[in-house]
Amino acid sequence: MSSVRINLYDLTREELRVQFARWGFAGVHAETVWNRMYLQAADAFTPEAMPGVPAKVLDRLGADAALGVLPTALETDSSDGFTRKYLLALADGERIETVLMRFTGRVTACISSQVGCAMGCVFCATGQMGYTRHLTPGEIVAQAVHVARALRPRRISPLASGPSPLAHEDAVAPPRLRNVVLMGMGEPLHNYDAVMHAIDILRDSAGLALAAERITVSTVGVVPGILRLAQEKRPLHLAVSLHAATQEERAALVPAARKWPLAELMAACRTYSETTGRRIFYEWTLIAGRNDTPAHARAVGALLHGLPAQVNLIPLNPTSGYDGAPTRSDAAKRFQQILAAEFSLPSTVRQRRGLDIAAGCGQLAVGA
Ligand code: SAH
Ligand code: SF4
C-alpha cells in the first residue's frame with residue numbers, strides 16, 4: 001500500500017539516518033541516498049538514478065519507501081522565456097502549481113504550501129478556488145527539487161522556443177536553485193509545522209543548501225504564526241501582505257483581517273522585528289483607485305513609520321473572479337516617491353512576469 005510507505009522527502013537527514021538504522025543499514029548509505037536525492041535530483045530508486053547505493057538498500061527502499069517525485073501534468077513557458085509554470089500531480093489526485101522564475105541573474109522557485117487557500121482574498125485566484133488541504137512537508141520539498149532537477153545541465157532546454165535570453169549563460173554556468181519563495185498557492189503560516197519542517201530540509205548543507213536569507217515566507221497576516229516565528233527566531237525572510245492601512249479597507253480585501261485585525265497584526269510584526277532584529281517586507285497589491293492614491297501611500301507610510309520595513313508593490317494581476325484594474329505605472333511611481341520622500345521607506349515595484357501563462361502573483365489556481 002503506497003499510503004503507508006515513507007515519503008523520503010518528508011524526512012530530515014537525521015530522520016533518514018534513524019530510518020536507515022531501523023532497517024539495519026549503515027549511516028553512510030543514508031548519506032549517499034540523501035546526496036542522490038538532493039544533489040543529483042534522483043527520480044527513482046534505481047542503480048542508474050542512485051549510483052553507489054547497494055542493491056539491498058535500493059530493494060528495501062523500493063518495497064517500503066516512496067520517493068515523492070511529483071509528476072508534471074502540464075508545463076508552460078512564458079513568451080519572454082523567463083517564467084515556467086508547472087502543474088504538478090499529487091498522489092491523491094490533487095494538483096498544485098509551482099513556478100520557476102529567472103530574472104536579474106537569479107533563479108527563484110515559487111512554491112505552494114496548500115491545495116487552494118482558506119483565506120479568501122478577493123483578488124487572488126487561489127483564494128477564489130477555496131481550500132482543499134494542507135501539503136505535507138514532502139510535497140513542499142518535492143516542488144523545490146522539481147525546479148532544481150529542471151535546472152540540471154543534461155536536462156536543460158531553452159525556456160522559450162527560439163533563442164532563450166539566458167541560453168548562453170546557462171551553457172557557461174548552469175544556474176543553481178538559490179531562492180525559494182513560499183508565495184505560490186496557499187497560506188504558509190496556516191500550515192506552519194509542515195512548512196517549517198520542509199524549510200529545515202531545504203536548508204540542509206548537504207542537500208539543496210538554501211541559505212536562510214534566500215527563503216521567503218509570505219503570509220496574509222496569521223498573527224499566531226508570526227508570533228511563533230518570532231519566538232522560535234527562525235532564520236528566514238518574512239513578507240506580510242498588507243494591501244490596506246485601515247482595518248475597514250483591509251477587511252474588504254482580505255477576509256482574514258476580520259480574524260486577525262490590523263492593530264493585532266502590526267503589534268505582532270513589531271514583536272517579530274524587535275525579537276529577531278529582522279526587517280519585514282510588506283506586500284501591497286496595487287489596485288487602481290482602490291489603494292493606489294497618494295492618500296493611501298501616506299496612510300501606509302504612517303502605519304509603517306519607525307518599523308524596519310521594505311514595501312513590495314505588486315500591480316494587480318488579472319483573475320477571473322475580481323474586476324479591479326491594475327494600477328497605472330505613473331500611480332505606482334508616485335506611490336513609491338511618497339514612501340521614499342515623506343517616510344524614508346524603501347520600496348520596489350514587482351516586475352510583471354509570466355502573466356501570459358497566468359503565473360503571476362495571485363494567479364495560481366487549478367480547476368476542479
Ligand atoms: N498566502 C500568502 C502567500 C501567497 S500569495 C500571502 O497571501 O501572502 C503571494 C502574494 O501575491 C501576496 O502578497 C498576495 O497578496 C499577492 N496576490 C494575490 N493575488 C494577487 C493578484 N491578483 N495580483 C497581484 N498580487 C496578488
Ligand atoms: Fe490565500 Fe495568499 Fe491568495 Fe490570500 S493572497 S487567498 S492568503 S494565497
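**Exercises on an aromatic pair, its helix and a ligand shell**

Six aromatic pairs are counted when rings of Phe, Tyr and Trp (its six-membered ring) pair if their centres lie within 6.5 Å, with planes under 30 degrees apart counted as stacked, over 60 as edge-to-face and the rest as tilted. The model is predicted, so local features need pLDDT of at least 70 and side-chain atom pairs pLDDT 80 or more, whereas totals for chains, interfaces and linings use all residues. Residues are numbered from 1 along each chain as its sequence is written, chains are lettered from A and ligands numbered from 1 in the order in which they are written, and side-chain values use heavy atoms, without hydrogens and water.

**Exercise 1.** Classify the ring pair of Trp34 and Tyr38.

*Solution.* The ring centres of Trp34 and Tyr38 are 4.5 Å apart and their planes stand at 50 degrees, so the pair is tilted. Along the chain, Trp34 and Tyr38 are four residues apart in helix H2 (residues 27-38; helices are DSSP runs of H or I, at least four residues), about one helical turn. Trp34 is buried (under 20% relative accessible area, 1.4 Å probe, protein chains only), at 1%, and Tyr38 is buried as well, at 3%. Together with Tyr9, Trp34 and Tyr38 form one aromatic cluster.

**Exercise 2.** Compare the expected span of H2 with the distance between its end C-alpha atoms.

*Solution.* The expected span is 1.5 Å times one less than the number of residues. For the 12 residues of H2 this gives 16 Å, and the end C-alpha atoms are 17 Å apart, which agrees.

Technical notes: Helices (H or I, at least four residues) and strands (E, at least two) are DSSP runs, numbered from the N terminus. Buried means under 20% relative accessible area, exposed over 50%, partly exposed in between (1.4 Å probe, protein chains only).
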